[in-house]
Amino acid sequence: MVSKDGIGRLAVGTLAVAAVVIAGVAVFVVYPETLTDLFGVVFALGAALVGLKIAGTVATSLFPGYDVAEVAVEGPITRDGSGGPLPSSPRATPADDIVDEIDRADADDSVDALLLKLNTPGGEVVPSDDIRLAAERFDGPTIAYTTDVCASGGYWIASGCDELWAREGSIVGSIGVIGSRVNASELAEKVGLSYERFAAGEYKDAGTPLKELEEDEREYLQGLIDDYYETFVERVSDGRDLETEFVRDTEARIYLGEQAHEMGLVDELGTRRELEDELADRLETDAVTVEEFEPQRPLMSRVGAGAQRVAYAFGAGIAGLGQDRGFRLRS
């Protein structure tokens, strides 16, 4: 059965081909008499081919041929896809780009539902929450699904969707927040380095790696972690309709998909095909057509991303061990 969009694209394409044929007959059969005329024929034919391509683009724009948008969140979640001054590991997720793609899908009249592909171990707290909010804003069914890992910040995002699907062997959970700091004070002492404080505000330099952490500073930083954790628990409890004590009782553990489903952390277990069949039933159509919504990056940005991968392969991860890092917070 041919869809209305398919008929529309066929009609536009047929009209464009007819126009090219008519133009071809005119320029090849009726018009050419001299060499100059022949050059004009070639030019006209080129213009006709360009017009045919434009017609194809217009047909796709007017009759997109898809009804479901898919946006992928893969790898560590950060604000811009990088982890700091050093090149990030490949496949990091830039949260702002993901939010833009979800909003673009929401504004597309052809999109009736959103699939949010989550294969991520988590990442930064606020970027994860931004993606969750974008999923909540989407006007239509939103289904998150994972095949491999939906942990921590990934599960935070899933709490903003209507459902979460997984496979039996998927890793799900890790509902918790972690903060870390490198304590390099003893190493600094051995090599003759000392920390001299110039700061305004008692806790401005809390977490600085070149000095020992005072007990009140430890309590202060732990308080930040606790506050973020309570927010995480609240988001999951509200979004997934789970009791807050149950969420706390998971103790940030991870579960395989089958157990997570039994606990209520996952709504359905199934393959991608089974998910699409279920979605087609809900949208009352024979089959859904899924379009991947991906950030459109300029050439230089893609070249830069390739250079980052090369730099990372040559030891950016090792260099990060010696980087002067302060207190870091992530879900």
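## A walk from exposed Tyr220 to the loops

Start by selecting Tyr220: at 36% relative accessibility, this residue counts as partly exposed. Keep in mind as you click around that this is a predicted model.

Now add Tyr203 to the selection. The centres of the two rings, Tyr203 and Tyr220, sit 4.8 Å apart with 25 degrees between their planes, so you are looking at a stacked pair, since planes under 30 degrees apart get that label. Where does each partner sit? Tyr220 is in helix α7, while Tyr203 belongs to the loop between α6 (185–190) and α7, so the pair ties together parts 17 residues apart in sequence. Like its partner, Tyr203 is partly exposed, at 29% relative accessibility.

By the same ring rule, the count comes to 3 aromatic pairs. For another of them, select Trp156 and Phe232: their pair is tilted, with 4.5 Å from centre to centre and 35 degrees between the planes. This one links distant parts of the chain, as Trp156 is in helix α5 (residues 153–158) and Phe232 in helix α7 (residues 215–240), 76 residues apart. Are these two rings buried or exposed? Trp156 is buried, with a relative accessible area of 1%, and Phe232 is buried too, at 0%. Both values fall under the 20% cut-off, so that is the reason for the label.

Next, switch to a surface view and colour by charge. Which residues gather in the patch of negative charge? Select Glu186, Glu189, Glu202, Glu212, Glu214, Asp216 and Glu219, and you have it on the surface. The elements giving two or more residues to this patch are α6 and α7. To zoom in on one member, pick Glu186, which lies in helix α6. Glu186 is exposed, with a relative accessible area of 53%.

Last stop: the backbone. Most residues other than glycine have a negative phi. With that in mind, click on Ala252, where phi is near 60 degrees, a positive value in a residue other than glycine. You'll find Ala252 in the loop between α8 (244–249) and β10 (254–256). At 32% relative accessibility, Ala252 counts as partly exposed.

Then jump to Glu284, another non-glycine residue with a positive phi, this time near 55 degrees. Where is Glu284 placed? Look in the loop between α10 (272–282) and β12 (290–292). Glu284 is exposed, with a relative accessible area of 72%; that value is over 50%, which is why the label applies.

Terms used: Residues numbered from 1 in each chain as written. Predicted model: local features only at pLDDT ≥ 70, side-chain atom pairs only at ≥ 80, totals over all residues. Heavy atoms only, no water. Phe/Tyr/Trp six-rings, centres within 6.5 Å; stacked < 30°, edge-to-face > 60°. Helix = DSSP H or I, 4+ residues; strand = E, 2+ residues; numbered from the N terminus. Buried < 20%, exposed > 50% of the residue type's maximum accessible area, 1.4 Å probe, protein only. Patch = residues over 30% accessible without salt bridge, like charges linked within 9 Å, V, L, I, M, F, W, Y side chains within 5 Å. Areas by Shrake-Rupley, 256 points an atom, 1.4 Å probe, with all protein chains shown as cover. Salt bridge = Lys/Arg side-chain N within 4 Å of Asp/Glu carboxyl O. Lys, Arg positive; Asp, Glu negative; His and termini not counted. Charge placed at Lys NZ, Arg CZ, Asp CG, Glu CD.
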